[in-house]
Amino acid sequence: LAVEVDERILAGTPAPEPPRWTVHRATVLAALATRAALDEAGWPANRDAIGLYLGVGAAGVELGEVDRWREGGAMPAQVTNDLPLSFTAAREGLGGPGGAFLSRGSGTVFALLEAIHALEGGAGESASPGGCEKILAGGADSTVVPLPWDELAILPMRPAEGAAVLALATGPGKRLATLQHAAVAAGPIDRWRVRVVHDVDTVIVAESIMVLQRELVDFATRLHPGARIHDLGEVLGAPLAATPALGWAAALDLIASGNAWRVRILSCGLEGDAGDVVLTGAET
Amino acid sequence: VNAPRRWAVISGAGAVSALGKGLSALHAGLIAGAGGATALSSPTPDLAVAAQVPVVFANATWLRAVCGPNLRLPADGGVFRDRKVAFAVAAAFEAWRSARCDDRELDAWLVMGLGLEHVALEERNRVAAELLPGHTDAVSQSPARLHTLVDLAAVTVRECLGLRGFTVLRSGAGVSGADAVAHAAALVERGQTDLVICGGADAMLHPTGLATAARLGGFSPAATRSACRPFDRRRDGRVLGEGAAMFVVELEQRALARGAVPLARVSGSAASLAIDAAALVPRALAHAGRSLAEVGLVVTHGEGSPAGDRVEANGILRVLGGAAAKVPMTSYKGAIGHTMGAAGALEVAAALDVFAHDRIAPIENLGEPESELGLDLIQHVPRHARVDVIAILARGIGSRSTALVLERADS
């Protein structure tokens, strides 16, 4: 069993030019999510200064490609992990700062941290002093294609796929929510040291391995007694690099629909490290 | 607001390249013009030569020989079936030792650049029997699998050094090694950690990698040692290389307190989703608090492709203007090839020699510089000069670029 994106959603997405790369499903999903984020944010057509940071998975190729390869036909692309980033950036004409982070969960949170850093204009490779005004950050992955799945088959997880991208900006203007806090924590779940955040009414837990599910829910319950707990892994399977970003997108949806005000998204990937992100709705 | 800057320095470095094992072999080979391509044992119609690391079996035995008995090796020697894993471990161990790190530094983070990860076709049943005894039903019916874990080099470095900090994996082929160094310095500068092992490793000289390189295109058809000729009017393409470079990047005060000798400061960086790395230099210099006039050397991406080198030269001219003819420029790819995920890191490693010995290696195989490019390209012999600020340019497949600024540690 796998949690797959409906083929109708994937239909109509463009092939890369020149057509020498196999476009992994995660690349298509990243392109779709990025286009949706750009459209919803209403960001301009001139996107030279807009950046993109993505958590990306161990890319793969379709079985049909492998078969053609074995038969001595067309050589499929070597797996290029950052294709979701470079293809999407080229498709949208993004020329700002950017980077791809290999992720089985945690790397996507590092991608978000770099995006935030680029917005804030601090030190580092991401940003010039003064910062970047508009940044996209998220994750995309598909573990339903054969190659990654072969590596992951022994783990207690459901293959899945997905992508989610946030449009982040500083200053006034339309906003769905405020990104209040983002961090990573290391070690076993019961020893995670996370920041105290008050008035969290909802916690989304987004884990990739089923054995961590109970532990993560227990941790969330202890951290915010009385808050509603939503288990994303139960619904979406394990799209690894996309998992935390799907949690952020789900939180935005809860906030936008008035079903939550402050949401904490706790993610945990195969690396074992925690992602900890807090999104808060507008003051009423 | 007015807190003093947390300078990130390179306090240890290690390298494996076509010039041999070790940072000193890299530096000496570049100065001596000892690099270049050699014949592939299994050439393809598109690639006959590559800049190959001069070791046949890069495995646990080789690692013990080059690193000594103190290196902790993984129980599963099978991890070394991918050459880049051993290259990464050798380079990381050299960096770790030269920075005088010991068990007190095991909380270090690891930031590694990944290359073009490859798949290889292997028989499902053999793989299942080898890796998953008793669990063959868990393996899908797919006839192919990833040749190695995508991040096996990072996993193995972490295990061999016993690191306990976070691991961050930068993906981006030609820029990922430079991104890893920049990211490590940023982590130190921001105060997220005080010490990071970082760098890149890659090895594509296997059937899948060579076939992919052919599909990528842009490689020199020449079958000679001098196949890669950056900025030469006769240049006709890149040459594939392999290797690794790893560094200890840490807070300057911490390095000094431990008695380590900083080799350089990583003082500025900038990255973008556009292809023009030179356009990033002003941003990287602003981050470093330096001006264009202070740049004493540009280490170009300079891969030897007819169009790519011209585009890069034009970018440099746009940024430096008339000063471009007076700022020395070099490229290391004529000697060590394009090492993909290791390229940016190996260029940082090579540039450390400039600060150490006040000399700049020439561009190997540059016999007839394309004069129309208007650059001060170093040719034939090393140039002796004191350089305080170096700009390093990196480009990746798929429109990615990174610029790094290194400066003398005592500047």
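Me: How many salt bridges does a search of the whole structure find over all chains?
Reply: This is a predicted model, so local features need pLDDT of at least 70 and side-chain atom pairs count only at pLDDT 80 or more, while totals for chains, interfaces and linings use all residues. Residues are numbered from 1 along each chain as written, chains are lettered from A and ligands numbered from 1 in written order, and side-chain values use heavy atoms, leaving out hydrogens and water. With a salt bridge taken as a side-chain nitrogen of Lys or Arg within 4 Å of a carboxyl oxygen of Asp or Glu, the search over all chains comes to 40.

Me: Which residue does Arg35(A) form a salt bridge with?
Reply: Look for a partner whose O sits 2.6 Å from the N of Arg35(A) at the closest point. The pair links distant parts of the chain, 57 residues apart, with Arg35(A) in helix α2 (residues 25-41) of chain A and the partner in helix α4 (residues 83-92) of chain A. That partner is Glu92(A).

Me: Is Glu92(A) buried or exposed?
Reply: Buried means under 20% relative accessible area and exposed over 50%, with partly exposed in between (1.4 Å probe, protein chains only). Arg35(A), at 30%, is therefore partly exposed. Glu92(A) has 6% relative accessibility, so it counts as buried.

Me: How do the axes of α2(A) and α4(A) cross, and at roughly what angle?
Reply: The helices carrying that Arg35(A)–Glu92(A) pair also meet through other residues, among them Ala30(A), Leu38(A) and Phe87(A) (contact means heavy atoms within 4.5 Å). Their axes, which are lines fitted to C-alpha atoms over the stretch in contact, with angles from 0 to 180 degrees between N-to-C directions, come within 9 Å and cross at roughly 45°. That makes α2(A) versus α4(A) oblique.

Me: Which residue in chain A does Asp151(B) meet in a salt bridge?
Reply: This pair crosses between chains, and Asp151(B) sits in the loop between β7 (144-146) and α5 (152-161) of chain B. The chain A partner is in the loop between β2 (98-102) and α5 (106-120). Both ends are buried, and the N-to-O distance is 2.6 Å to Arg104(A).

Me: Which residue does Arg104(B) meet in a salt bridge?
Reply: Arg104(B) is exposed, with a relative accessible area of 67%. Its partner is partly exposed, at 27%. The N-to-O distance is 2.5 Å, and the partner is Asp102(B).

Me: Which Glu residues are linked with Arg265(B) in a network of salt bridges?
Reply: The network sits in chain B and takes in Arg290(B) along with Arg265(B). The Glu residues linked there are Glu252(B), Glu294(B) and Glu407(B).

Me: At roughly what angle do the axes of helix α2 and helix α3 of chain B cross?
Reply: Helix α2(B) spans residues 60-67 and α3(B) residues 83-98, and their axes come within 10 Å. Trp62(B), Leu63(B), Val66(B) and Cys67(B) meet α3(B) residues including Phe87(B) and Phe93(B). The two helices are roughly parallel, because angles under 35 degrees count as that (over 145 is roughly antiparallel, 65 to 115 roughly perpendicular, the rest oblique). The crossing comes to roughly 20°.

Me: What share of the residues of chain A count as buried?
Reply: Chain A has nine helices and nine strands, taken as DSSP runs numbered from the N terminus (helices H or I, at least four residues; strands E, at least two). Of its contacts with a separation of 6 or more, 76% come from residues 24 or more positions apart. Among its 284 residues, the buried share is 62%.
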